[in-house]
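User: Please take a close look at one part of this structure and tell me how it is put together. I would like the cut-off behind each term you use, given once.

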Amino acid sequence: MHRSAARRAPTGTFAVGAAVGALALAALALAALALAGCTDRSREAVRPVDPGAGSTTTTQPPGPDHDASPTAAGAAVPAGVSDPPHDDPAATVQDVLARYDRVVTALHGDPSAFLRPGDPLLAEWVAVVPPGAVLADDIRTDVLGRLTRGEAIPVEGGRLSYVHHAVGAQAVGPDRLSFTWCGWSPGVVRDVATGSVVDDGVAAAAGTGTVERTAGGWVLASLDQTSIDVLPAGSPDPCPAAEVGP
């Protein structure tokens, strides 16, 4: 701005005498001084800014305790630092199995739930079986296969169609329990369109499994079957620990 002003053409004429010329020279001298002052201030204005001047922010390097990316407020606490290990592994496992049995019974009673992303039943499902687990994929495939065949296992009188009992459980780490189980499936498979019975056999099975503690609580990480028998329709719960479970 100051350099452009110095080149600006005069607004008067040069028909005046030496006095006017002297005044013009004086004016030019003052303009030169002003230009020098502006130039100095311009140089000061572009001086590199000290990034620490006037700032109280400190930056810590990334590391085990300091992530380079910002952490959202309210982020979940990593697993292993929330709830203490359960004092009774068998009770913990049985609680997880009871939640699993309730939601699996509901899914087989309404197989189309997997096609409704906002269904509250799916929120219950992911709260008990972590997404990505082999068990989650197996159950989804089983339930959707039932839907494709036009079948369902109606919930009758509020009774569970699938029941698992924890027979034995032990801690294998601060956030992991292993267990053995005995189970049965008294539900009756029916054709959705006609209501006719497709399968009323009662499956009696046994196996092993694991539950793990996450930031959201204990979940069923695996449920493996090691044996199965098909009993006549209407057979009672064959498990020796039936009095302990639901």
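Analyst: **Hairpins, strand pairing and the core**

Strands E2 and E3 are joined by a hairpin through two residues. The model is a predicted one, in which local features need pLDDT of at least 70 and side-chain atom pairs count only at pLDDT 80 or more, while totals for chains, interfaces and linings use all residues. Residues are numbered from 1 along each chain as its sequence is written, and side-chain values use heavy atoms, with hydrogens and water left out.

Helices (H or I, at least four residues) and strands (E, at least two) are DSSP runs numbered from the N terminus, and two strands pair if DSSP finds at least two bridges between them. Strand E2, residues 163-173, runs antiparallel to E3 and is joined to it by nine bridges; within this pairing, Val163 has Trp184 of E3 as its bridge partner.

A hairpin is also formed by E6 and E7, with two residues between them, and these two strands pair in the antiparallel sense over 13 bridges. Along that pairing, Ala206 stands opposite Ser227 in E7. Glu212 has its place in strand E6, and at 27% relative accessibility it counts as partly exposed, a class that lies between buried (under 20% relative accessible area) and exposed (over 50%), with a 1.4 Å probe and protein chains only. If residues up to four places away in sequence are not counted, Glu212 touches Asp175, Arg176, Gly217, Trp218, Val219 and Ala221, where contact means heavy atoms within 4.5 Å. From Glu212 to Ser222, ten residues apart in sequence, the C-alpha to C-alpha separation is 9.2 Å.

These hairpin strands also lead to the interior. The largest nonpolar core, a set of buried Ala, Val, Leu, Ile, Met, Phe, Trp, Tyr and Cys residues joined through side-chain atoms within 4.5 Å, has 31 residues, and those with the most contacts inside it are Tyr100, Leu107, Trp125, Val129 and Leu220. At least two residues of this core come from each of H3, helix H4 (120-128), H5, strand E3 (176-185), strand E6 (202-214) and strand E7 (217-231), and the largest share, seven residues, is supplied by H3. Leu107 touches, among residues more than four places away in sequence, Ala113, Phe114, Leu121, Leu122, Trp125 and Val143.

Helix H3 (residues 89-109) and helix H5 (residues 134-148) have axes that come within 10 Å and cross at roughly 30 degrees, the axes being lines fitted to C-alpha atoms over the stretch in contact, with angles from 0 to 180 degrees between N-to-C directions. That makes H3 roughly parallel to H5, since angles under 35 degrees count as roughly parallel, over 145 as roughly antiparallel, 65 to 115 as roughly perpendicular and the rest as oblique. Tyr100, Leu107 and His108 of H3 make the contact with Leu135, Ile139, Asp142, Val143 and Arg146 of H5. By class, these contact residues divide into five nonpolar, one polar and two charged, where Ala, Val, Leu, Ile, Met, Phe, Trp, Tyr, Cys and Pro count as nonpolar, Asp, Glu, Lys and Arg as charged, and the others, Gly among them, as polar.
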